[in-house]
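Work through the exercises below with the sequence and the 3D structure open. Try each task before reading its solution.

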Amino acid sequence: MMLLELAGIFFSIFIVFGFAAKDPRPVRFLARAVIVSASAWMAEESCILLYRFYAYHPNWNLCLDQVPLLIVVTWPIIIFSAMELTSRIRIAHPVKGLFAGAAVVASDSLFIEPISVKAGLWQWTLPGLFNVPPIGILGWFFFALLSIGVLNTKRLKGPRTIHDTLLLVIPVLGTHFLLLLSWWGAFRWINFQLPIPAIVGVGWCVSFVMIATILKKQTGRGIRKRTLLLRIPAALFFFGLLVVKATAPLPLAAYAIAFVPPYVLLMLQQYRRHAT
C-alpha cells in the first residue's frame, strides 16, 4: 500500500506540473493548485469529523489526519482537468460551463466511488448507489462547482491574497452549506439502497445520450489531446482495482464499462481532427 500511495502522489504532482508548464503563469498556477489541495483537505476533513458518513480504511499510510495525502494531491487534477474539458462551453456560456465542469467532476465520482468502496479504500455508513449515498456524489459536485466558480471569476478586485483566501474559504463553507441544505431538505428522508439493475440500466442510457451529444456537437474536436490522455492512467488504475482488488461482481463491471464509450469517442474525434 505504501508503494502505491507514493507512486500515486509523485504521479499526481508530475501531472500538476505538466498542467503548469502549459499555463502562461506557471508559478501562479502551482500556487492555486496548492490552495485547491488545501481547500479540498479542509472540506473533506471537516465533513468526516462532523458528519461521520464515511471513513478511509486504516491501511492507508500517508494521511493528513483523516484524509490520505494521495487524495489531497489528486484534487487539483480533478478540478483543472474538468475545467479544460469544458473550456469551450465556459468561453461561450460561462454559467453553463461552470455547471458542466462540476458535472464532469460528479461523473468522475460516479465512476470512482463505487469501485473504491468495493475495493475497500473507504466505506460509507449510508446506502445508495453500490453502497455510495447520493449525498456523497453531491459533495464532489458542490465542491467542484464552488472551486471552479472562484477560479473562473473575472470580477474580483484587490490583492492576489484576497483571491487566494476566497478560493480557500468559499468552497469549504459553501460545500457544507449546500450539503446540509440537500440533506435536511431531501436526502435525509429519501435515502435508501438503489436497485442495482436500475443503476446499470440508467448508466448505459446516460452513456448512449452522451455518445449522441458528442456526435452531434463534435465535442472531442474542441478538447486538448493532452487533457484526454492525462485522464487515461487514472481510469486504468480504477479498472485495475475493479479486476484485482474489488473481485468485481458482474453488475459493477457492467456499470463501470458504461463510462468507456463516450470517452473513446472523444479520443477518436480528437484523432480525426489531427489527421485531417
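**Exercise 1: A serine and its surroundings**

Task: State which residues Ser-116 touches, leaving out those up to four places away in sequence, and say where Ser-116 is found.

Solution. The model is a predicted one.
Step 1. Beyond four places in sequence, Ser-116 touches Leu-121, Trp-122 and Phe-238.
Step 2. Ser-116 belongs to helix H5, which covers residues 94-119.
Step 3. The relative accessible area of Ser-116 is 0%. Buried means under 20%, so Ser-116 is buried.

**Exercise 2: The largest nonpolar core**

Task: Find which members of the largest nonpolar core touch the most other members, and which helix gives the largest share of this core.

Solution.
Step 1. The largest nonpolar core has 75 residues, and those that touch the most other members are Tyr-56, Trp-75, Ile-79 and Trp-122.
Step 2. Helix H3 (residues 69-85) supplies the largest share of this core, with twelve residues.
Step 3. Take Trp-122 as an example. Leaving aside neighbours within four places in sequence, its contacts include Ala-55, Tyr-56, His-57 and Ile-71. Ser-116 and Val-117 are also among the contacts of Trp-122.
Step 4. A general tendency fits here: in soluble globular proteins, nonpolar side chains tend to be buried together.

**Exercise 3: Two sides of helix H1**

Task: Check the length of H1 against the expected value, then decide where its buried residues lie around the axis.

Solution.
Step 1. H1 (residues 2-21) has 20 residues, and 28 Å is expected at 1.5 Å a residue. The span from the first C-alpha of H1 to its last is 29 Å, close to that value.
Step 2. Buried in H1 are Glu-5, Gly-8, Ile-9, Ser-12, Ile-15, Val-16, Phe-19 and Ala-20.
Step 3. Seen down the axis of H1, these buried residues fall within an arc of 145 degrees, so they line one face of the helix.
Step 4. An α-helix has 3.6 residues a turn, so residues three or four places apart point the same way.
Step 5. On the face of H1 turned away from the buried side, Leu-3, Phe-10, Phe-14 and Ala-21 are exposed.
Step 6. The cover over the buried residues of H1 includes helix H2 (26-51), H3 and helix H9 (225-244).

**Exercise 4: The same check for helix H8**

Task: Repeat the analysis for H8, residues 196-217.

Solution.
Step 1. H8 has 22 residues and reaches 31 Å between its first and last C-alpha, close to the expected 32 Å.
Step 2. The buried residues of H8 are Ile-199, Val-200, Gly-203, Ser-207 and Ile-214.
Step 3. The arc they cover around the axis is only 95 degrees, which puts them on the same side of H8.
Step 4. Pro-197, Val-202, Phe-208, Val-209 and Lys-216 are exposed on the other side of H8.
Step 5. After H8 comes Gln-218, which has a positive phi near 50 degrees.

**Exercise 5: Cysteines**

Task: Say how many disulfides the structure holds, and why Cys-63 has no bond to Cys-47.

Solution.
Step 1. The number of disulfides is zero.
Step 2. A disulfide needs two cysteine sulfur atoms within 2.5 Å. The closest cysteine sulfur to that of Cys-63 is in Cys-47, 17 Å away, and therefore too far for a bond.
Step 3. Cys-63 has 32% relative accessibility and counts as partly exposed.

Methods
Residues numbered from 1 in each chain as written. Predicted model: local features only at pLDDT ≥ 70, side-chain atom pairs only at ≥ 80, totals over all residues. Heavy atoms only, no water. Core = buried A, V, L, I, M, F, W, Y, C linked by side-chain atoms within 4.5 Å. Buried < 20%, exposed > 50% of the residue type's maximum accessible area, 1.4 Å probe, protein only. Helix = DSSP H or I, 4+ residues; strand = E, 2+ residues; numbered from the N terminus. Contact = heavy atoms within 4.5 Å. Expected span 1.5 Å × (residues − 1). Arc of directions from axis to C-beta.
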